[in-house]
Amino acid sequence: MMKQKKSVKVGRNDACPCGSGKKYKNCCMGRSAPPPESLKKIYQKRYNIRLKSAADVEKIRRAGELVMATFKEVEAVLAPGLVTDEINRIVHDFTLDHGAIPAPLNYRGFPKSVCVSINEVICHGIPGPRALADGDIVNVDITSILDGYYADANQTYFIGTPSEDARKIVRVARICLKEGLAMIRPGNCIGDIGWAIQQFAESQGCSVVREFVGHGVGFNFHEAPQVPHFGRKHTGVPLAPGMVFTVEPMINLGQHRLRILDDKWTAVTADGSLSAQFEQTVLVTEDGYESLTPFEL
């Protein structure tokens, strides 16, 4: 598990963690915190967000452990010459063998059990006969359903010897996720996450994809809230303990614009530049966050 250990207090001018949208000093400062059941009702009614109980979190954590074990199976075979459909077979079989379901398969018509996105492909790459080549970067996006609960993560890998451009975009995308996660704590808002990611990406001469965002996860593949990877500080839904969502910045070496291929799924950079992505499923805790699909950043 990856957890922020430092206790974080809500500042007077921070968004109130009760979800009112008011500043803390003008709302619940000096009052007792609302009981968990009241907070659940507030977030369900106001934002359509279903806060997770400790029992729910444990189920998502178990699904996350399976997702990370599946990555180990994929990592063991990544090499030039590997056909992307073989990645799909490995993910599909390993998931089923552990009593789970690959969430992407047949989701809104997606034909495979995993997304495999190479070089200029931003996301939703469909595995097939293409073989990985020396110098490629490849993003593998795995989502598993275990005992009815979902966990979602992705990582970008080097195949063979990467170019300087490949090294740069993968480094920037990795740090973008780290910067976004560092903003997760009660008292901050969804907008703080996107602001931190956008600031770092653009400081490195890269861009942030707008069309695809992070999302709530756990009970379903995609839930409220949406988590943009760009934006302004102190905007959006206030973060509250029990929220579970993904942060998954898609970072382009060139411009942020994209196009969708004729298969209606594969998103590629409009200018042909490289794109990289890292994603974790995270829980908002009382004093920070915990990754439920942890890997080193």
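A residue is termed buried when its relative accessible area is under 20%. In this predicted model, helix H3 contains several residues that meet this criterion, namely Thr-84, Ile-87, Asn-88, Ile-90, Val-91, Phe-94 and Thr-95. Viewed down the axis of H3, the buried residues fall within an arc of 165°, so they line one face of the helix. This face is packed against helix H2 (54-75) and against three strands, S2 (101-102), S3 (115-118) and S5 (137-146). The length of H3 is in agreement with its residue count: at 1.5 Å a residue, the 14 residues of the helix (84-97) should span 20 Å, and the end C-alpha atoms are 20 Å apart. The helix is followed by Gly-99, for which phi is positive, near 75°.

Strand S3, one of the packing partners of H3, includes Ser-117. Because its relative accessible area is 2%, Ser-117 counts as buried. The side chain of Ser-117 reaches the backbone nitrogen of Gly-125 at a distance of 3.1 Å. When neighbours within four places in sequence are left aside, Ser-117 is in contact with Ile-122, Cys-123, His-124, Gly-125, Ile-137, Val-138 and Asn-139.

Helix H5 (residues 190-203) also has 14 residues, which at 1.5 Å a residue should span 20 Å; the end C-alpha atoms are 21 Å apart, which agrees. Of these 14 residues, 10 are buried, so H5 is largely enclosed by the rest of the structure. The buried positions are Ile-190, Gly-191, Asp-192, Ile-193, Gly-194, Ala-196, Ile-197, Gln-198, Phe-200 and Ala-201. They pack against helix H4 (164-181) and against strands S7 (207-208), S9 (223-227), S10 (244-247) and S11 (250-252). Just after H5, Gly-205 adopts a positive phi of about 75°.

In soluble globular proteins, nonpolar side chains tend to be buried together. The largest nonpolar core of the model comprises 76 residues, of which Ile-87, Ile-184, Met-243, Phe-245 and Ile-251 touch the most other members. Ile-87 is also among the buried residues of H3. For Phe-245, contacts beyond four places in sequence are made with Ile-184, Ile-193, His-215, Gly-216, Val-217, Val-227, Leu-239, Gln-280, Thr-281, Val-282 and Val-284. Among these partners, Ile-193 is one of the buried residues of H5. Apart from the largest core lies another, of seven residues, including Ile-122, Cys-123, Val-209 and Leu-258. Ile-122 and Cys-123 are also among the contacts of Ser-117.

Conventions
Residues numbered from 1 in each chain as written. Predicted model: local features only at pLDDT ≥ 70, side-chain atom pairs only at ≥ 80, totals over all residues. Heavy atoms only, no water. Helix = DSSP H or I, 4+ residues; strand = E, 2+ residues; numbered from the N terminus. Expected span 1.5 Å × (residues − 1). Buried < 20%, exposed > 50% of the residue type's maximum accessible area, 1.4 Å probe, protein only. Arc of directions from axis to C-beta. Contact = heavy atoms within 4.5 Å. Polar contact = N/O pair within 3.5 Å; in protein donor to acceptor, adjacent residues only side chain to side chain. Core = buried A, V, L, I, M, F, W, Y, C linked by side-chain atoms within 4.5 Å.
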